[in-house]
Structure formats: C-alpha cells, structure tokens
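Here is a short set of exercises to work through with the model open beside you. Try each task before reading its solution.

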Amino acid sequence: MIKKLFNGELSLGATFWKYGILGLIILHYAFKMFASLLTSYLGGHTIFNFFMYHFHFVNSSKLSLLWTLCYIATFVIMIFYSYKIIGAVWKSSAKYVKSALIVHLSRLGILLAVFMTWYPFIVR
C-alpha cells in the first residue's frame, strides 16, 4: 500500500486528502505533542538551547529520554513524509485526466499544506 501511494498508483482524491492533508496534520500534531511533553523537562529553555548546552544523557530521566527520542524520530519522519507525499501527489495527479484545474489545484494544495506544516519551524 505504501509503495502504491508513493508511486502515485492510488487515486488523486485518496492521495491528496487521506495521505496528504490528513497525514501531514497527524504528523504535525504528533510532533507538537512530543514537544509539549518534552517542555516539562526543559527548565524554561528552548529545545535547541537545552540540547546544545544543558542536556546530559546519563543524568537525564528515562522519560525525558523517551520524549526526546520520540521528538527526534517524529521530526525525521516529517521530513521524509513531506518529501515523499509531494512526489506521490505529483505522480497521482499526472495520471488524472478529468480536469486540468484539479491537477494544478492538487499540486498547489499539497505544496501549500507542506509549507503550512513547516511554517512554525521556519519562522523561529
């Protein structure tokens, strides 16, 4: 199923709405959830500042290490998924023959959705 998705073999509607928009929303909120779980261990520092200057692997609590690993893993998955879902929508829309307007709107929409997913991280 994942291979079909990333090869653009699924319908444009399913690729765009289910896996594109909904998938990005789920990943974004999972990332925010792990970030908020991690902030209770940061002691008032930003996440970047904490990991650069105050984090100690041995002296940290096991739960903070778990949230850190989940945070980093979700971030990496978001990068990979954002890249792959743009390609999936692009390939799926190339096979859509009913309306050229829908093709262009879906391509523009997925680019906008990926941008809006990453916008809070770009602005910081």
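Let us start in a loop: Leu10 sits between α1 (2-6) and α2, where helices are DSSP runs of H or I with at least four residues, numbered from the N terminus. Please keep in mind that this is a predicted model, in which local features need pLDDT of at least 70, side-chain atom pairs count only at pLDDT 80 or more, and totals for chains, interfaces and linings use all residues. Residues are numbered from 1 along each chain as its sequence is written, and side-chain values use heavy atoms, with hydrogens and water left out.

**Exercise 1. Is Leu10 buried or exposed, and which residues does it touch?**

Step 1: take the cut-offs, with buried meaning under 20% relative accessible area, exposed over 50%, and partly exposed in between (1.4 Å probe, protein chains only).
Step 2: Leu10 has a relative accessible area of 18%, so it is buried.
Step 3: look for contacts, meaning heavy atoms within 4.5 Å. Leaving out residues up to four places away in sequence, Leu10 touches Lys4, Leu5, Thr15, Tyr19 and Ser92.
Step 4: for a long-range view, go to Phe121, which is 111 residues from Leu10 in sequence and 30 Å away in space, C-alpha to C-alpha.

**Exercise 2. Describe the surroundings of Phe6.**

Step 1: Phe6 belongs to helix α1, and its relative accessible area of 13% makes it buried.
Step 2: not counting residues up to four places away in sequence, its contacts are Phe80, Tyr81, Lys84, Ile85, Ala88 and Lys91.
Step 3: compare two C-alpha distances. Ser92 is 86 residues from Phe6 in sequence and 8.9 Å from it in space, while Thr39 is 33 residues along the chain from Phe6 and 34 Å from it.
Step 4: Thr39 is in helix α2 and is partly exposed, at 43% relative accessible area.

**Exercise 3. Check the span of α2 and find its kink.**

Step 1: the expected span is 1.5 Å times one less than the number of residues.
Step 2: helix α2 (residues 12-39) has 28 residues and should therefore span 40 Å; its end C-alpha atoms are 38 Å apart, which agrees.
Step 3: now look for a bend, the angle between axes fitted to the seven residues ending at a residue and the seven starting there. In α2 a kink of about 30° is centred on Gly23.
Step 4: Ala14 is also in α2, and it is buried because its relative accessible area is 18%. Its C-alpha is 9.5 Å from that of Val89, 75 residues away in sequence.

**Exercise 4. Sort out the buried side of α5.**

Step 1: the 24 residues of α5 reach 33 Å from first to last C-alpha, close to the expected 34 Å.
Step 2: a kink of about 40° lies at Thr117, shortly before the proline Pro120.
Step 3: the buried residues of α5 include Val103, Ser106, Arg107, Ile110 and Trp118. Their cover includes α2 and α4 (62-94).
Step 4: an α-helix has 3.6 residues a turn, so residues three or four places apart point the same way.
Step 5: take Ser106 as an example. Its relative accessibility is 6%, so it counts as buried; leaving aside neighbours within four places in sequence, it is in contact with Leu12, Phe16, Val89 and Ser93.

Definitions and conventions:
Helices (H or I, at least four residues) and strands (E, at least two) are DSSP runs, numbered from the N terminus.
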